[in-house]
Amino acid sequence: MRIDLVSIFCDYFAPLQLSLVGKAISSGLVDLGVHDLRDWTHDRHRTVDDTPYGGGAGMVMKPEPWGEVFDALVPADGPTPVLVIPTPAGEPFRQSIAAELAEADWLLFACGRYEGIDARVSEHARTKMQVRELSLGDYVLNGGEVAALAIVEAVVRLIPGVLGNPESLAEESHGSQLNGELEYPVFTKPSTWRGLEVPPVLLSGNHGEVDRWRLEQARRITAERRPDLLQFGE
Ligand code: 6GU
């Protein structure tokens with residue numbers, strides 16, 4: 001998969017060289033490009049923002065540098081990426097969207113700052129490529145960079161060959177095995193730690209009992225923390 005990230009704060013993406021995503025890059029499974037939006041400005045101050053039409057607080061990202069960087073990265077006659085625009089006004093990002101994005105050959109992230117990007121950028125891009133405006137959740141970040149990091153990590157770990165043990169995908173929270181419920185609690189050695197015992201059923205060797213206990217725990221934790229995820233009926 002090719003992943004391009006456009007931002008005015010490219011240093012945000014340094015951590016992508018670490019851990020699993022870093023290995024996916026160094027092994028060639030992911031081809032990562034990071035691009036400074038200001039390279040597509042033409043004035044002395046490399047201006048990327050301006051005041052909003054209609055008034056109001058804050059600044060809006062100008063459309064021209066975005067148009068130019070997309071033209072440079074996406075030639076008219078070739079394949080097109082899925083353009084991901086992180087924005088608090090986007091569709092809520094979730095595991096099923098990560099799975100859809102993991103099927104793409106090419107993702108292009110447009111990371112805005114300030115009060116957002118001139119709305120014509122998204123409108124124009126839709127005439128050339130698939131566009132996904134995505135939000136991480138109901139809170140406000142200062143820009144799209146942290147959201148892009150989160151989305152890239154969620155997507156790249158779903159690419160075949162990136163995870164050491166693909167079975168861990170199925171059982172984790174929001175994976176398919178537990179009906180979309182949160183993950184059960186996990187334990188490792190020692191069996192007693194600071195006076196706290198591992199639940200005895202996990203030491204019993206009875207796999208049927210273990211599976212039942214885990215399902216019950218997953219349901220209890222989901223009911224407590226995320227009742228919206230509980231599926232009623234079977
Ligand atoms: Cl994708 N962007 C920004 N700026 N803030 C957010 C967000 C995205 N998701 C949640 N808050």
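**View 1. Leu-136 offers a backbone polar atom to the ligand.** In this predicted model, a backbone N or O atom of Leu-136 lies 2.9 Å from a nitrogen atom of the ligand. Leu-136 belongs to the set of residues around the ligand. So do Leu-134, Ser-135 and Gly-137, among others.

**View 2. Tyr-139 and Leu-141 also face ligand nitrogen with backbone atoms.** A polar backbone atom of Tyr-139 is 2.5 Å from a nitrogen atom of the ligand. For Leu-141, a backbone N or O atom lies 3.1 Å from a ligand nitrogen. Taken alone, the ligand exposes 290 Å². The protein buries 96% of that area.

**View 3. The ligand occupies the largest pocket.** Two elements, β5 (82-92) and β7 (130-135), each give two or more residues to the shell around the ligand. β5 gives the most, with three residues. Pro-86, Thr-87 and Pro-88 are among the residues around the ligand.

**View 4. The shell around the ligand has no charged residues.** Seven of its residues are nonpolar and four are polar. Its members include Tyr-139, Leu-141, Gly-143 and Ala-147.

**View 5. The ligand site in the context of the whole chain.** Seven helices and nine strands make up the secondary structure of the chain. Along its principal axes, the C-alpha trace spans about 70 × 40 × 40 Å. The chain has 234 residues, of which 40% are buried.

How values were computed
Residues numbered from 1 in each chain as written. Predicted model: local features only at pLDDT ≥ 70, side-chain atom pairs only at ≥ 80, totals over all residues. Heavy atoms only, no water. Near = heavy atom within 4 Å. Polar contact = N/O pair within 3.5 Å; in protein donor to acceptor, adjacent residues only side chain to side chain. Areas by Shrake-Rupley, 256 points an atom, 1.4 Å probe, with all protein chains shown as cover. 1 Å grid on protein atoms, 1.4 Å probe; cavity = no way out; pocket = protein on both sides within 12 Å on 5 of 7 lines; lining within 4 Å. Sits in = over half its atoms within 2 Å of the grid points. Helix = DSSP H or I, 4+ residues; strand = E, 2+ residues; numbered from the N terminus. Nonpolar A, V, L, I, M, F, W, Y, C, P; charged D, E, K, R; others polar. Buried < 20%, exposed > 50% of the residue type's maximum accessible area, 1.4 Å probe, protein only.
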